[in-house]
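Here are some short exercises on reading strands and sheets. Try each task yourself before you look at its solution.

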Amino acid sequence: MNQCRLRSLVQMKRKLALAQLATDHHILAQLGLRTLKTSSPLCGAHDLDSFANGCSAAYIERLYSKWKRNPKSVDESWDELFGGGERSVSKRMPVQTSHSRKYRRAPVERTVVKARLGERTASGAPAPSAPPSDWKNIDDHHTIQAIIRAYQSRGHLAADLDPLGIIIPDKGASVDGSQRNAAREVLRQHYSYIFGDLNAMFKLPSSTMIGGDEEFLPLREILDRLERIYCGHIGVEYMQITSLTKTTWIRDRFEKPGSLDLNKEEKKLLLERLIRATGFENFLAKKFSSEKRFGLEGCDIMIPTIKEVVDRSTNMGVESIYIGMAHRGRLNVLANICRKPIADILSQFHGLAATDSGSGDVKYHLGVFQERLNRQTNRMVRITVVANPSHLEHVNPVLLGKARAEMFQRGDTCGNKVLPIIIHGDASFCGQGVVYESMHLSDLPNYSTYGTIHIVTNNQVGFTTDPRFSRSSRYCTDVAKVVSAPILHVNADDPEACIKCARIAADYRHKFKKDVVIDIVGYRRNGHNEADEPMFTQPLMYQRIRKLKTCLQLYSEKLIKEGVVSDNEFKAMVSQYDKICEEAWTESKTMKSIKYSSWIDSPWPGFFEGRDRLELCPTGISTDTLKTIGEIFSSPPPPEHKFEMHKGIHRILALRKQMVEDKVADWSLGEAFAFGSLLKEGIHVRLSGQDVERGTFSHRHHVLHHQTADKVVYTALDHLYPDQAPYSVSNSSLSECAVLGFEHGYSMASPHALVMWEGQFGDFCNTAQCIIDTFIASGETKWVRQSGVVLLLPHGMEGMGPEHSSGRMERFLQMSDDDPDVYPDTCDCDFVARQLMNINWIVTNLSTPANIFHGLRRQVKMGFRKPLINFSPKSLLRHPLARSPFKDFNECSCFQRIIPDNGPAGKKPECVKKLIFCSGKIYYDLFKERDDHEQVESVALVRVEQLCPFPYDLISQQLELYPKAELIWAQEEHKNMGGWFYVQPRFDTALLKNESETRCVSYHGRPPSSSPATGNKVQHYKEYKAIIKSIFGELTPENKARLEAIIKEQQDKAKADSAPPAKSGSSPPAKKGTSDKKRSGSVPAPAAEPTAAAAEIPSMKEPPSKNPRSPAKRGTSPSYKGETSIKKRSGSAPVPSTAPSPSPKAQADRSPSNTTASRPHFVKRKPAQEPASKRKTQKTPEEEEPEPTTPQA
Ligand SMILES: Cc1ncc(C[n+]2csc(CCOP(=O)(O)OP(=O)(O)O)c2C)c(N)n1
């Protein structure tokens, strides 16, 4: 049956059915004594009703094929449609007569009917024959249906939402002489069509519940009810929701007559709460008339609304509520929702000094944590108002992260126990991008908070800006439509309507675990703050506001009129609350100081008590644990799972296994050891960010994907130990701001978790700058609230262009709050821990897998929590030299703040001419170049792994160890970036400590620039060469000859290798010999087969086509070479990362007391050496006209 034919049949069937009904009605009406009630299949049967709702052809087609196979498998009413069977519809439509209403029909005009009784339908089918009057009746019913739908979908446009009357719904149009809100905007083309007889009875379609138990209503009543429901003080937007269950649920709640009415007691309670909300603001206004408090006046009903949500939700089982909000009405929330003692709040106005440390924050930003008995429900509830910065809306993701973390801790897998509520301003809700970004987390499996209740205090102005200048959308709430949230707009001067919305919102969130929005449309009685003059900018609005009665006045008058309370009762209620405030005021005046810590929103009970905060617990782990984790991490899923892996993953796992056998770890193993060992110790580990499961550079592969089954994955770290803590690794939405904020919030919920956010590239972290600045950098200082969140920011100049090179280390370092001019007490036996404890965050640029392992474990081994900002490597993830032997992870090992030179230079420090301090990836470049320049004895390389807090003690040791050496800071970043500006004054301070010191540290790196990196490979390479030349000078002819010999040897070998094409995965192992030995310092091929992402990272070296040493020119398979060489190398020439720590004896030998070097006087800092790239350099043949390389994505 074709679709067209089917559709026309459906239409015909529907018309016939309705015609049948109409005919019956007609007969009854003609008899003049019948009124109707039906329980007929036609009216009750959903099949037919769903026709009217637009049943899809696909559905009917399905029914048809069912019917074709077996006519009895579908309801017999379909027989007629599908095959004209004997079972007739009319047989099944007994119309029962009943009572009450008289059915009336509109007069039928012949012309209209005629037009509709064309000989054929549009599809060409013959028109069914029916009396013209029936067609009119059918059309009338259709129109009623359309009117109902119009109210449901557009009624909010005509709703009376605005107490100010600025948004005036068009009230001019009336259909029956009465003023109706719903005008043409809602009813559009249906407007004039049907209203000839307002008393005509209509059967209500199943898509509305306005009838309650009644199935028929006169048109007038239908319109009145729709008006009241959709165009009164509530405007409900829900037709954007695609789920029929949800829309039906909402309709049911709004439309059913009487379903939202408040009883007398409820009204009284509402009045009482409104008295508190208004009374609190009045009291503050009276006592502190010129103080900023960002009062709620004009939206006072927000407090009873939140309270209703709290009551309702706790009644349904919620035990913990997180509230995020800005300034407006915040003090009121603290007093009347959290029940923070009013005296404590008032004490913030008295200008008292704090007895604890920190910078504090303005009173309307402070966080609160209260556990209180909810008297309405008689249940305990924890209410947290999350501390927030001025930056509007940026608390949203932080709050969501906190809420999610608490859900995790409680094992609340669907948000039954924890509820997030976010309170927004109208201007900020639609203006701030973070709102949208946070909303998008709402349904992601690893970020969902199972529905957030959003409440907008919509005062119709943002500071001085009118909505028409601050948004292009009709409503400030339109952003919520992206998650199909129902949006309940409500007039703030109708308290009962607000409470109804609160109830529906709480119930909706409870039932569907989805976001819902209440938009309380009110006004702002004062200026933006109490000292602000609003008449400058909104004169007419404020003239109108001055004339308005307060919501409390209006509602008390209403209740007095209704007899719910008497005038005296009301006055008594008002003065009772006033008395409470006065008493709190008296109490607050006795307070002599405040404590920042009493405003903490994330108490960690039991974490600090009895703990020596300065104790740094060891971070090393046993070899057995390493083996267990290594074994599982390098193994495919157990065979019984029949898990089909990508063959590249097989190779990666095989390489991992080889490393485990060789007792050496690359970056991915180092990470896995850190995560796995913490999981073993019961520490929950969470890693989130864009593409973190695989890793942007394809090094991690924590989540393996079945190659032929959808959504079947395997995460080895979930299967390490039977009683391990849960591991959560999750690719995030493509947002930095919301996701980082979320993880920061998550990290604050408990100190017993390692929470990490990884940037795709460090460069993109600046789209989360607000979170970094206002929460991570300064959160503890402002709000006494700790976080151990880890930021992993891929960083390094790899020739990948301006936005794929820099995690902006300089910014993090600049925000570090240690004093560059103060040399700390390094003799303090707790120096290391104290330094960490006193800093606002830790900044590292780690260069070995062992150090990332210790660095991450240290995060949870400290007696306090600090954010860790680590600049992660990219090419080092596979660099054969960036490996650590197992001994660097064991119980005797620890985090290395610096890694000294342990090669020939470090062994004879007195012969060293240059001491180069560097950090991160450049170390491997310098290591190789030093080798090429044959300066391994005269140049010492020291890696500063922990930049902040600056390791003064170790740096001083190094300075003393190399008394004759010229001091150099080498970095690949531009001079105004990277670590230079941070380390320079600190080196000076360290040098100044020694009175006999005359040296200073000079800079070797790229010159200042506004752009973090060039996008041109040729320039990139030139810059690199210039840095190298400025440090090591030109290659000597001997150096060149030696290197050329090596290159030739490699080329010959490559040729030989490429003669018969190498079989994949079976490249011959690298030969041991001169070249092998010499290449120990070069940047070898990637360890694993390069993937698309890996291929994004070019070698730091020359463009491949001109560089015969590059892997591409060598023509060798990059996959196994590095591995084999590592394997072969074990036990041969020392690899730097395998021997990072000097033996205790060596350390003792080099200790300052053992050095006999003279100590020259300190001299003022020499001007830094001319920036490398600015000096004239002689080009080597290699440098000239290198071919451009593939640009990165
Ligand atoms: C991100 C950000 N931009 C600008 C401001 C300055 N500011 C403070 S309040 C405000 C108006 C906010 O209007 P709205 O969101 O409607 O809240 P209201 O103050 O009206 O309650 C502005 C622009 C800010 N705090 N944060």
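Two strands pair if DSSP finds at least two bridges between them. Keep in mind that this is a predicted model.

**Exercise 1.** Find the partners of strand β10 (residues 453–458) and say how they run relative to β10.

*Solution.* Start with strand β9 (residues 418–425): five bridges join β9 to β10, and the two run parallel. In this pairing, H424 stands opposite V456 of β10. Next, take strand β12 (residues 516–521), which pairs with β10 over six bridges, again in the parallel sense. Here N458 has V521 of β12 opposite.

**Exercise 2.** Work out which way the side chains of β10 point, and whether they are buried or exposed.

*Solution.* First, recall that in a regular strand the side chains alternate between the two faces of the sheet. Now sort the residues: I453, I455 and T457 point one way, while H454, V456 and N458 point the other way. Then check burial, which means under 20% relative accessible area. Six of the six residues of β10 are buried, so the strand is largely enclosed by the rest of the structure.

**Exercise 3.** Describe the open sheet of five strands and the helix α34 that lies across some of them.

*Solution.* Write down the order: β23-β25-β24-β27-β28, with mixed pairing. The edge strands are β23 (898–899) and β28 (1001–1006), since each pairs on one side only. Inside the sheet order, look at β24 (residues 914–918) and β25 (residues 939–944), which run parallel and are joined by five bridges. F917 stands opposite V942 in β25. Finally, add helix α34 (residues 952–961), which lies across β23, β24, β25 and β27 (966–974) and runs at about 160° to β24.

Note on methods: Residues numbered from 1 in each chain as written. Predicted model: local features only at pLDDT ≥ 70, side-chain atom pairs only at ≥ 80, totals over all residues. Heavy atoms only, no water. Buried < 20%, exposed > 50% of the residue type's maximum accessible area, 1.4 Å probe, protein only. Helix = DSSP H or I, 4+ residues; strand = E, 2+ residues; numbered from the N terminus. Contact = heavy atoms within 4.5 Å. Axes fitted to C-alpha atoms, helices over the stretch in contact; angles between N-to-C directions.
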